Amino acid sequence: PTLTAKGSIGLRILQIFAPTVQSSGVVSLDVHASGVKAVQGQIGFKDVALSTADAPIGVEKLNGTADVTNDRVQVAKMSAQVGGGEVDIAGAIVYKPSVQFNLAVKGKTIRIRYPEGLRTVLDTNLAFSGTTQASLLSGRVLVDNLSFTPDFDLARFGDQISTGTTPSQPGFADTVRLAIAVQTQSSLNAVSSQVSIAGQANLQVGGTADNPVITGRTTITSG
């Protein structure tokens with residue numbers, strides 16, 4: 001048999017498992033099955049957008065294809081816009097005998113406004129591998145530019161980065177270990193009407209996605 005579908009059916013399936021995700025675009029399926037084990041086809045993505053209310057950035061203009069075989073989905077060519085920057089995705093997801101994945105994500109000039117009042121421009125080179133029970137997000141993030149937004153307020157900014165935490169329910173984020181190097185350019189400057197700083201940082205982000213641990217060195221040269 002042959003399964004051919006075009007439209008938002010794939011995005012609707014996604015929202016069954018992740019109801020808070022807002023999505024749009026077209027996902028097309030062209031999969032052929034012969035017998036019990038022979039499966040071959042392709043999944044196409046055209047101008048797909050994904051976002052959630054809690055995430056500081058979303059995915060836009062996701063375009064590309066993924067090849068489907070008996071036991072895996074191989075990302076042939078896929079790119080997207082994230083925070084106004086370009087992101088390329090490659091790798092594979094094995095679904096037999098169990099789900100395992102190995103994906104590489106390279107991003108250029110991604111803009112993030114988080115925490116509130118701070119704007120960051122960065123490049124990324126990350127790898128995400130493992131299973132749904134245990135995975136690792138590793139790689140490098142290079143901060144190209146750091147600036148305050150016009151509505152920056154020092155008191156409100158301080159409240160966001162306070163050490164108080166709210167206990168959360170165990171979930172997928174608990175299973176994602178982090179090993180990410182975060183570095184800045186040789187010198188960064190950020191100026192607002194209330195504060196100005198200049199310096200650089202060389203940090204390591206460990207722990208888990210639910211409870212990250214940051215170590216390293218930050219040097220303030222003036223401000």
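How many aromatic pairs does the structure hold? The structure holds one aromatic pair, and point 5 returns to its two rings.

1. Basis of the note. This is a predicted model, in which local features need pLDDT of at least 70 and side-chain atom pairs count only at pLDDT 80 or more, while totals for chains, interfaces and linings use all residues. Residues are numbered from 1 along each chain as its sequence is written, and side-chain values use heavy atoms, with hydrogens and water left out.

2. The chain as a whole. The protein chain has two helices and 13 strands; helices (H or I, at least four residues) and strands (E, at least two) are DSSP runs, numbered from the N terminus. Of its 223 residues, 28% count as buried, where buried means under 20% relative accessible area, exposed means over 50%, and partly exposed lies in between (1.4 Å probe, protein chains only). The chain exposes about 13,800 Å², of which carbon and sulfur atoms supply 57%; accessible areas come from the Shrake-Rupley method with a 1.4 Å probe, and for residues only the protein chains shown count as cover. Among contacts between residues at least 6 apart in sequence, 43% join residues at least 24 apart, a contact meaning heavy atoms within 4.5 Å.

3. The hairpin of S11 and S12. Strands S11 and S12 form a hairpin with four residues between them. They pair in the antiparallel sense over four bridges, S12 covering residues 196–207; two strands pair if DSSP finds at least two bridges between them. One of the bridge partnerships joins valine 191 to serine 196 in S12. Along S11 (residues 188–191) the side chains alternate, so that Leu188 and Ala190 point to one face and are buried, while Asn189 and Val191 point to the other and are not.

4. Salt bridges. Two salt bridges are found in a search of the whole structure, the term meaning a side-chain nitrogen of Lys or Arg within 4 Å of a carboxyl oxygen of Asp or Glu. In general, side chains of opposite charge can pair when their charged atoms come close. Aspartate 123 and lysine 108 meet through their side chains at 3.4 Å, N to O. This pair links distant parts of the chain, with aspartate 123 in strand S8 (residues 118–130) and lysine 108 in strand S7 (residues 100–112), 15 residues apart. Aspartate 123 has a relative accessible area of 13% and is therefore buried. Arginine 72 and aspartate 71 form a salt bridge at 3.6 Å, N to O; arginine 72 is partly exposed at 31%, and aspartate 71 is partly exposed at 30%.

5. The aromatic pair. Returning to the opening question, the structure holds one aromatic pair. The rings of phenylalanine 101 and phenylalanine 128 have their centres 4.8 Å apart and their planes at 45°, so the pair is tilted. Rings of Phe, Tyr and Trp (its six-membered ring) pair if their centres lie within 6.5 Å, and planes under 30 degrees apart count as stacked, over 60 as edge-to-face and the rest as tilted. This pair also links distant parts of the chain, since phenylalanine 101 is in S7 and phenylalanine 128 is in S8, 27 residues apart. Phenylalanine 101 is buried, with a relative accessible area of 11%, whereas phenylalanine 128 is partly exposed at 22%.

6. Two threonines of S8. Threonine 120 is found in S8 and is buried, with a relative accessible area of 11%. Not counting residues up to four places away in sequence, threonine 120 touches Ile110, Arg111, Ile112, Val143, Asn145 and Leu146. Threonine 124 is found in S8 and is buried at 14%. Leaving aside neighbours within four places in sequence, threonine 124 is in contact with Val105, Lys106, Gly107, Ile110, Arg140 and Val141.

7. Backbone points to check. Most residues other than glycine have a negative phi, and most peptide bonds are trans. Aspartate 47, which is not a glycine, has a positive phi of about 50°; aspartate 47 is found in strand S3 (residues 38–51) and is partly exposed at 42%. Threonine 109 has a phi near 55°, a positive value; threonine 109 lies in S7 and is partly exposed at 27%. The peptide bond from lysine 96 to proline 97 is cis, with omega near 0°, and proline 97 lies in the loop between strand S6 (85–94) and S7.
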